[in-house]
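Here is a short briefing on a protein structure. Read it with the sequence and the structure side by side.

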Amino acid sequence: MTEMSVLIGGRAGDGINSAGLIIAHLLSRIGYRIYMYFDYPSLIKGGHNFAIIRASPEMKGACRREVDFILALNQDTLDLHRDLVRDRTTVICDSSRVKATGICIPIPGILKEEGAPAVMGNSCIIGAFTRAAGIPWAVLEEVFSRHLRKGLELNLKVARRGYEMASDHSVIPAGDSPALPILSGNEAIGLGLLHGGLDAYVAYPMTPTSNLLHFLADIADRAGLLVFHPENEIAVMLMALGLGYAGKKTAVGTSGGGFCLMTEGLSLAGANEVPVVIVLGQRAGPSTGMPTYTGQSDLHFALHAGQGEFPRLVVAPGDPKQAFTWSSLALRLAWRYQVPALILCDKTLCEGYYSFSSPAASVPRIDDAPAGTPGPSYRRYLLTDDGVSPLLFPGSPGTVIKVNSYTHDEAGITTEAAEMASLMTEKRIRKGKALENGLLDLPVIAQSGDTSSDKTLVCWGSTAGACSEVGPELGFRVIQPVVLSPFPAEKFLRATRGTHEMVVVEENAYGQLEMLLNRFGVRADASVRKYDGRPFAVEELRARLMEVVS
Amino acid sequence: MSARDFITDAQNTWCPGCGNFVIQFALRDAIRSAIEGGLDPDSIVLVTGIGCHAKMADYLNINSFYSIHGRTVPVATAIKMADPDLQVICCAGDGDAYAEGLDHLVFAAKRNSDITVIVHNNRVYGLTTGQYTPTSPSGFRGRSTPGGTKEEPFNPLEIMLASGATFVARGCTRKRKELEGVIREGIMHRGFSFIDVLQVCASYFNQTDVYDRAVYSLEGHDAADFDAACRKAREWDYNSDSPIAIGTFFRVIRPTLEERLGVPRKKEGTTEETIARILGERK
């Protein structure tokens, strides 16, 4: 059993993402681990969409620059991806739209004969792929019946026609690993938040986190969630703080532009100490940039957004397992230390699909901040040793609970007194220290490769997918700090001890992680940066690394 | 709870003669009478913005969320969604509600969120020392418009009627008793309650004489009649010299946002089970 990749492409509206996901499930069912990348321009109909599904015996988090099957629903699929084609590549296409040699299926004719709508063309080509790859028909039936929401019968008929027109072409060996769930990064974040105790999610649609809003809205009823989509991101953030003040564990989701609108509310959260979690899905900027493409250029924005100084948690998961674990932890840590927590992700992770082995059972438990005692002597901002004040929510008998954006006293009443201003600032500093201590036993840094190597590759976020595959191959130890604020400097220095040569890999132009490392006295010997909106492919990263290291 | 308990010992820094004192005591008395009618004092939450009005959060001894400029309404909407048993009251300024945060006001009316919004409309920015607001009369000479504004004021009542507010009223700080009446009515109204309060600013825009001359109480007006409410709202455009009605312009009962959302259902089984079920479907 080895690995293989499938590319399916067509116009927007052809259902390429869902077709890609069906192919992912077919390969998952015969024993493979899946990574799927979906590439689409910012339009609704037309254009060129494609998905690459990589199937391997082990989990992967990046694509390769060659494919074993190309499923072409438009001519672009062949013309734009010639560089991925090898001698062994099997081409399957819609003969009415594509000129090619391979398995050519007259899809519109079949759809017409079966009385099926145009969007079912992808089922037809999937049927042909199933046969060509030697996947048993029963596997397709099972996948369709589990994952198609409607039109099962007709989709099966159309797929069968495609299946019958193809022949065993390039049979994929089956493995014996039982199928794992396949999740998008957004879904892993959503489930992680749920695991952490989420009560409410508020968001305004924005790629690449819109699908998180859709997912949570979908499961809201059975998960007992309140999911709300208000007028803009300013309202999103302020609503989250209103919900938090009333005791509801709340998260919001957005991308850079929306986060710009949230920063005033973020600073409010820093001041009034109402916990909130922000899922910040990066995409290619600045400004509108390339809305459906990826990037890692908002690290410093996440670290520094908001006026004034206050502690915050910033975590950057690199795969769905980390996304689940750290979304759960982010929510719990936010409530334990009453700080804003950011989950910094990107288009690659959010909208990529991955085989997912749930870490639910192993996520450490973190308790909420201690509850206050109701009564007239309650003080929302009671000064304590660790800076964390006991929490109560409105409706508590005989208790007045005041939160305030102004500098305030322990009771939450506005003050401009010099001494109280200093005391409240020092309270926030102590909370930040307490948060740092709370992270000591958590997996804040992920490592792979030979930990005794003197060559170190440092990366963050979804880039870890390509790095953890290529780095060890080239003899690197790979270090991925998952927590970026408060930065785990001591653990990072320990993990990189003995490094002779350090390369920092990131998907931005200015080297934002590298700048952060510089603050802790870490100097990289080389950097590999990418800023074209596309994630690193395995071969590409390998070549770039070989250019910069001795 | 006695009247004295409603006032904190925070030092009051409003100017002498400020209309905010009248709103403070009218609100306190409206709350007190609502409590006498059975409202739980612990369930009251006050949300304020930023500006002179907002000091109400420091001065009233009730739960409060002292928010940022323009951002009272989304906070209040969310608190009410989180716990529909809470009685949520917003005090906002005209800069807050009509400039920085107008979008939120319009949307809260559209949604019929069951909150009460009291706009301290002194038609001038006080705390930033005298600039025009959306309801300053045309030609208003403020510090940012020394040659006079070149635009017309909003009529907030018309905006609220057009946006779907189910309770629209106006009060004036020169009419304390009537003001307390509309605030109490707004608090008791099930649905989005909007009260525009014409407030004297003693330092930057003292309209005492105008309000004393022009303000009259609505009588014989049918608050259930939307068209009559619109006609009455247009009688004064916040600009010209015409009679200014106070009282309840419009009142209707419609399903509230919270009723329509419903309280999130009890989860079936534990969160772990829910997650496991969803993962099972993704296989």
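**Where two chains meet, and how chain A is built**

In β2(B), Ser64(B) is the residue that stands opposite Lys402(A). The model is predicted. The points below start from this pair, go on to the rest of the contact between the chains, and end with chain A itself.

**The strand pairing between chains**

- Lys402(A) faces Ser64(B), and the strands β15(A) and β2(B), the latter covering residues 63-66 of chain B, are joined by three bridges.
- These two strands run parallel.

**The contact as a whole**

- Chain A brings 48 residues to the contact, and chain B brings 43 residues.
- On the side of chain A that touches chain B, at least two residues come from each of β7 (182-184), α7 (185-195), α8 (210-223), α9 (233-245), α10 (256-272) and β15 (402-404) of chain A.
- The element that gives the most to this side is α9(A), with eight residues.
- By residue type, the side of chain A that touches chain B has 29 nonpolar, 13 polar and six charged residues.

**An open sheet in chain A**

- Five strands of chain A make up an open sheet with mixed pairing, and their order is β16-β18-β17-β20-β21.
- At the edges are β16 (445-449) and β21 (526-529) of chain A, each of which pairs on one side only.
- From one strand to the next, the twist averages 20°.
- The edge strand β16(A) pairs with β18(A), residues 477-481, in the antiparallel sense over five bridges.
- Within this pair of strands, Ile445(A) stands opposite Pro481(A) in β18(A).
- A helix, α17 (residues 512-519) of chain A, lies across β17 (455-459), β20 (501-506) and β21 of chain A.
- The direction of α17(A) is at about 135° to β20(A).

**Chain A overall**

- Chain A contains 18 helices and 21 strands.
- Chain A is as compact as a globular protein of its length, because its radius of gyration is 25 Å and the globule rule gives a close value, 24 Å, for 550 residues.
- Taken along the principal axes, the C-alpha atoms of chain A fill a box of roughly 80 × 55 × 40 Å.
- Of the 550 residues in chain A, 57% are buried.
- Among contacts in chain A with a separation of 6 or more, 72% are between residues 24 or more positions apart.

Technical notes:
Residues are numbered from 1 along each chain as its sequence is written. Chains are lettered from A and ligands numbered from 1 in the order in which they are written. This is a predicted model: local features need pLDDT of at least 70, side-chain atom pairs count only at pLDDT 80 or more; totals for chains, interfaces and linings use all residues. Two residues are in contact if their C-beta atoms, placed from the backbone, lie within 7 Å. Helices (H or I, at least four residues) and strands (E, at least two) are DSSP runs, numbered from the N terminus. Ala, Val, Leu, Ile, Met, Phe, Trp, Tyr, Cys and Pro count as nonpolar, Asp, Glu, Lys and Arg as charged, and the others, Gly among them, as polar. Two strands pair if DSSP finds at least two bridges between them. Axes are lines fitted to C-alpha atoms, for helices over the stretch in contact, and angles run from 0 to 180 degrees between N-to-C directions. The radius of gyration is taken over C-alpha atoms; the globule rule is 2.2 Å times the number of residues to the power 0.38. A residue is buried if 20 or more other C-beta atoms lie within 10 Å of its own, exposed if 12 or fewer, and partly exposed in between; C-beta atoms are placed from the backbone.
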